[in-house]
Amino acid sequence: MHRLLLMYTMDPRGAKVGGIETHIRQILRHHPEDFSVLFVGTDERGDCEIGKVQRLSIGGRSFDFLPVARIEPEAVNRAAKRLTQSTTLRYVLGALRHLGAIRRALGPGPATADLHRFEFAPIARLLGLPAIQMIHGEGSKKDRMDSLIKTYWYIHSSGERLALRLARGIYCVNPAIVERLKAEFPHAYPKAELLSVSVDTGLFRPTPFDCADDTLRIVFAGRLDEFKDPPLLFRTVAELRRVLGRVELNYIGATDPERYAEFAPIRDVTVRHGFQDAEGVARIMARCHAGILTSFFEGMPCYLLEGLAAGRPFGAIRLPQYDPLVVRGVSGALVERQERPEASAQALAAGFMEIWEGIKTGRIDPARVAAMVEPYAITNQMSRLFARHRALQGGRAGVPQVVTA
């Protein structure tokens, strides 16, 4: 039996949402039978003994859960403003404090670590584990973001350099990240491969559009972080309401949209679904007609893959990684960001009008939309990920050997 150490700042029972969180839950839910998983995470509910292992299950699959820090539910879906509020810092300090408990819970091996933040690489090294580093994309120093990464960019950069040097394998969720490694970290580039996040095509399946009440229903799932440009999202829906009349925004997530003044004009046409598990997201998407993305930068959004797998086209501000997935006339409309936010909202609203017409006339076919994400199916992606972990472990029994950089 192979052993996998999975580390991330979340409670698998909790309400933290986002692409990385979805990917983590997919690993817990779909890991192969010849792997057992130790997930080192956080306790949101306050009902766990920190540093003690308990057995949990997701979707019928069991795993070991070892919380190393207690993070309040209200903190998990908001960006920290001070270093003392950082969930990552609290998590790392907790992991170091309970390093012995993690080592004991791993057992005799063989084992490898699957890491999704650069800050966790030294912990895997201290445990003597070969590590695969997945890079989801954090933007650059000049990009808009409301996390502490921008304030403490030098720490982030140092952590990235160390993590890439220590990693035995590197997965990047979009081609731009691979190219950045080639240019900035040539020593790490030979270890890098493209591997996006995955989509469960058994759960997210295409269904017919329901246009009976002539209301365009748009869905957005995730945190309303600054880099996702929520003001533009809300402006676009407001513009659609002005030109179309009947429109509804379905928001899946725990962030309060009231923090943005641009939300007020569409408050009465917004349905707030709060946190939803994967089944809940799938149900809501089946009721809606299209998804929306307005981000300044992204890795590869799980929500985009899930929406397309559900047969729902997307209107989006163009990012290069969207090009193969969102094709005009087939699976949505990409528009370039304009200098003025109002112009961007108008351009994106025009794209949605085109999508809506395609839906109502039958030119946009849910099955054809869903076909765009077949390469990203979880069966394909997870087999690659775990094959690499098997190769690193080499099928050897005994305590994992310390990795040399």
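1. Let's start with the secondary structure. This chain has 13 helices and 14 strands. Please keep in mind as you look around that the model is predicted.

2. Next, the chain as a whole. It has 405 residues, and 58% of them count as buried. The accessible surface of the chain comes to about 16600 Å², with 53% of that belonging to carbon and sulfur atoms. Take contacts in the chain with a separation of 6 or more: residues 24 or more positions apart account for 70% of these.

3. A good place to zoom in is strand E13, residues 314-317. Here is a helpful rule: in a regular strand, side chains alternate between the two faces of the sheet. In E13, Phe314 and Ala316 point one way, while Gly315 and Ile317 point the other way. Are these residues buried or exposed? All of them are buried.

4. Now look at the neighbours of E13. Strand E12 (residues 290-293) pairs with E13 in the parallel sense, over 3 bridges. Within E12 and E13, Gly291 stands opposite Phe314. Strand E14 (residues 332-335) also pairs with E13 in the parallel sense, this time over 4 bridges. There, Leu334 of E14 is the bridge partner of Ala316. Try tracing the path from E12 through helix H10 to E13 on screen: together they make a right-handed β-α-β unit.

5. On to the aromatic rings, of which the structure holds 9 pairs. One of them joins Phe220 and Tyr251, and this pair is stacked, at 6.2 Å centre to centre with 15° between the planes. Why does this pair tie together parts that are 31 residues apart in sequence? Because Phe220 lies in strand E9 (residues 216-221) and Tyr251 in strand E10 (residues 247-252). Both Phe220 and Tyr251 are buried.

6. Phe220 has another partner, Tyr303, and here the pair is edge-to-face: 5.4 Å centre to centre, 75° between the planes. Since Phe220 sits in strand E9 and Tyr303 in helix H10 (residues 302-309), this pair ties together parts that are 83 residues apart in sequence. With 4% relative accessibility, Phe220 counts as buried, and Tyr303 counts as buried at 7%. Ring pairs link Phe220, Tyr251, Tyr303 and Phe314 into a cluster. You have already met Phe314, in strand E13.

7. Rings also meet charges in this model. Arg337 has its charged end over the ring of Phe296, 4.0 Å from the ring centre. Likewise, the charged end of Arg388 sits over the ring of Tyr171, 5.1 Å from its centre.

8. Have a look at Ser198 too, in the loop between strand E8 (192-194) and E9. Ser198 has a relative accessible area of 1%, so it is buried. Which residues does Ser198 touch, leaving aside those up to four places away in sequence? They are His23, Gln26, Cys302, Leu305, Tyr376, Ile378, Gln381 and Met382.

9. Finally, compare that with Arg168, found in the loop between helix H6 (153-166) and strand E7 (169-172). Its relative accessibility is 40%, so Arg168 counts as partly exposed; the partly exposed class runs between 20% and 50%. Arg168 and Ala188 are 20 residues apart along the chain, and their C-alpha atoms are separated by 9.4 Å.

Note on methods: Residues are numbered from 1 along each chain as its sequence is written. This is a predicted model: local features need pLDDT of at least 70, side-chain atom pairs count only at pLDDT 80 or more; totals for chains, interfaces and linings use all residues. Side-chain values use heavy atoms; hydrogens and water are left out. Rings of Phe, Tyr and Trp (its six-membered ring) pair if their centres lie within 6.5 Å; planes under 30 degrees apart count as stacked, over 60 as edge-to-face and the rest as tilted. Helices (H or I, at least four residues) and strands (E, at least two) are DSSP runs, numbered from the N terminus. Buried means under 20% relative accessible area, exposed over 50%, partly exposed in between (1.4 Å probe, protein chains only). A charge sits over a ring if NZ of Lys or CZ of Arg is within 6 Å of the ring centre and within 35 degrees of the ring normal. Contact means heavy atoms within 4.5 Å. Accessible areas come from the Shrake-Rupley method with a 1.4 Å probe; for residues, only the protein chains shown count as cover. Two strands pair if DSSP finds at least two bridges between them. A crossover is right-handed if, with the strands pointing away from the viewer, the path from the first strand over the helix to the second runs clockwise.
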